[in-house]
Amino acid sequence: MSAVPHLLLAIETSCDDTSVAVLEDGRTLRAHLIAAQDVHRLYGGVVPELASRAHLELLPPLVSRALAEAEVRPEQLDALAATRAPGLVGSLVVGVAFAKAYAAALGVPLVGVNHIEAHLHAATLEHGESPLPAVALVVSGGHTELVEVRGFGRYRWLGSTRDDAAGEAYDKVAKLLGLGFPGGPVLDRLAAGGNPAAFAFPRPMLDRPGCDFSFSGLKTAVVLAVAPHGAPPHPEPLLADLAASFQAAVVDTLVSKAMRAVDALQARALNLGGGVACNRELRARLAVECGKRGVTLRIPSPRLCADNAAMIALVGAWMLARGDEPDP
């Protein structure tokens with residue numbers, strides 16, 4: 001094992017958020033910036049080509065600002081890390097190409113980090129090392145995954161969505177209801193004032209063994225429920241009931257599957273990550289279920305739930321300390 005880099009610059013461009021972080025000694029965030037790309041609101045979803053162009057424009061000034069906030073000169077950096085997969089191909093290419101050029105100019109190593117692996121460990125930046133064994137639930141617009149974690153680099157895939165991710169279902173339901181993009185925050189807010197039993201939406205795959213998910217059928221159920229009410233805009237009470245019923249179905253499914261994994265593995269901790277981890281109902285329900293079992297629930301702050309360079313920096317520092325070969 002080698003020492004972690006003293007100063008590491010990380011870049012995250014897997015989707016539509018451009019993020020840069022400077023991490024000191026694998027523990028202390030000297031700077032952490034996230035720039036959202038508001039242009040996608042006009043289209044009700046992420047447009048890959050526009051995301052790539054925005055990363056290209058945002059990265060240079062964002063890196064300069066992060067280094068200034070961290071009070072670090074480029075020549076003081078010891079290493080770089082960048083998201084290499086999964087994600088939108090064009091967005092990833094922009095981030096990796098920028099990082100490769102920057103690292104080559106400075107003569108420092110660069111490692112490529114798996115975006116999902118970074119989410120597994122995001123809570124470590126705020127809550128320290130996780131009790132083991134642990135189960136990680138990663139829930140975002142592109143992913144719904146359950147993973148067994150027995151240490152850094154020691155994982156076992158338990159299940160994932162067979163179609164839509166939970167966050168994608170939120171976005172598509174919000175678009176159907178005329179609520180804009182992204183859909184998660186507005187549906188979460190509306191759900192607080194609605195009746196979760198107003199619509200009998202399905203809890204997909206709870207009657208089947210294992211830890212896989214499916215949300216496309218739930219999305220279709222919402223389409224059928226809305227059809228008799230015509231096109232948006234809809235009355236606020238109807239929107240609230242639809243949001244509450246939809247969210248109850250999603251949360252019931254996520255919590256049930258996560259607890260199934262926790263119980264089967266006798267896990268000591270549940271680590272939550274991804275943008276949907278900001279959902280208030282999901283957090284509350286998991287807190288109750290983990291409390292019943294004496295399981296530690298580790299949830300990052302909202303800033304570290306989203307796609308962010310801080311978690312990329314952490315895993316990149318660990319990779320270099322482990323002796324992983326830098327990317328060519």
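## The five-stranded sheet

Five strands line up as S8-S7-S6-S9-S10 in an open sheet with mixed pairing. The edges belong to strand S8 (155–160) and strand S10 (296–298), each of which has a single partner strand, so one side of each is left without a neighbour in the sheet. On average, neighbouring strands here are turned by 20° against each other, direction ignored. Keep in mind throughout that this is a predicted model.

Inside that order, take S6 (residues 134–139) and S9 (residues 269–273): they pair in the parallel sense, over five bridges. Val135 sits opposite Leu270 in S9, and both of these residues come up again in the core.

## The nonpolar core

Which residues have the most contacts inside the largest nonpolar core? They are Val135, Leu146, Phe201, Phe246 and Leu270, in a core of 52 residues. Several elements give two or more residues to this core: S6, helix H5 (166–176), helix H6 (184–191), helix H7 (216–226), H8, S9 and helix H9 (280–293). H8 gives the most, with 16 residues. As background, nonpolar side chains in soluble globular proteins tend to be buried together.

Leu146 is a handy place to look at the packing. Setting aside neighbours within four places in sequence, Leu146 is in contact with Val135, Ala136 and Leu137, with Trp157, Leu158 and Gly159, with Cys211 and Phe213, and with Lys257, Ala258 and Ala261.

## Helix H8

H8 covers residues 236–265, which makes 30 residues. From first C-alpha to last, H8 reaches 43 Å, close to the 44 Å expected at 1.5 Å a residue. H8 is mostly covered, with 23 of its 30 residues buried. Right after H8 comes Gln266, whose phi is positive, near 50°.

Ala264 lies in this helix, yet is Ala264 buried or exposed? It counts as exposed, at 63% relative accessibility. The C-alpha atoms of Ala264 and Glu148 are separated by 11 Å, although the two residues are 116 apart along the chain.

## His143, in a loop

His143 is found in the loop between S6 and strand S7 (144–149). Loop or not, His143 is buried, with a relative accessible area of 17%. With neighbours within four places in sequence left aside, the contacts of His143 are Pro86, Ile116, Val138 and Ala165.

## Strands S1, S2 and S3

Now for another set of strands. Strand S2 (residues 17–24) has eight of its eight residues buried, so it is largely enclosed by the rest of the structure. Both faces of S2 are covered: Asp17, Ser19, Ala21 and Leu23 are buried on one side, and Thr18, Val20, Val22 and Glu24 are buried on the other.

S2 pairs with strand S1 (residues 7–12) in the antiparallel sense, over six bridges, and the two form a hairpin with four residues between them. Ala10 has Ala21 as its bridge partner in S2. S2 also runs antiparallel to strand S3 (residues 28–36), joined by eight bridges, with Asp17 standing opposite Ala36 in S3. The hairpin of S2 and S3 has three residues between the strands, and Asp25 there takes a positive phi near 55°.

His32 belongs to S3 and, at 12% relative accessibility, counts as buried. Leaving out neighbours within four places in sequence, His32 touches Ser19, Val20 and Ala21, along with Arg303, Leu304, Asn308, Ala309 and Ala310.

## Cysteines without disulfides

How many disulfides does the structure hold? Zero. A disulfide is a covalent bond between the sulfur atoms of two cysteines, and the cut-off used here is a sulfur pair within 2.5 Å.

Cys15 misses out because its sulfur is 15 Å from the closest cysteine sulfur, in Cys278, too far for a bond. Cys15 is partly exposed, with a relative accessible area of 23%. It's a similar story for Cys211: the closest cysteine sulfur, in Cys290, is 14 Å from its own, again too far for a bond. Cys211 is buried, with a relative accessible area of 11%, and it is among the contacts of Leu146.

Key:
Residues numbered from 1 in each chain as written. Predicted model: local features only at pLDDT ≥ 70, side-chain atom pairs only at ≥ 80, totals over all residues. Heavy atoms only, no water. Expected span 1.5 Å × (residues − 1). Buried < 20%, exposed > 50% of the residue type's maximum accessible area, 1.4 Å probe, protein only. Pairing = 2+ DSSP bridges. Axes fitted to C-alpha atoms, helices over the stretch in contact; angles between N-to-C directions. Core = buried A, V, L, I, M, F, W, Y, C linked by side-chain atoms within 4.5 Å. Contact = heavy atoms within 4.5 Å.
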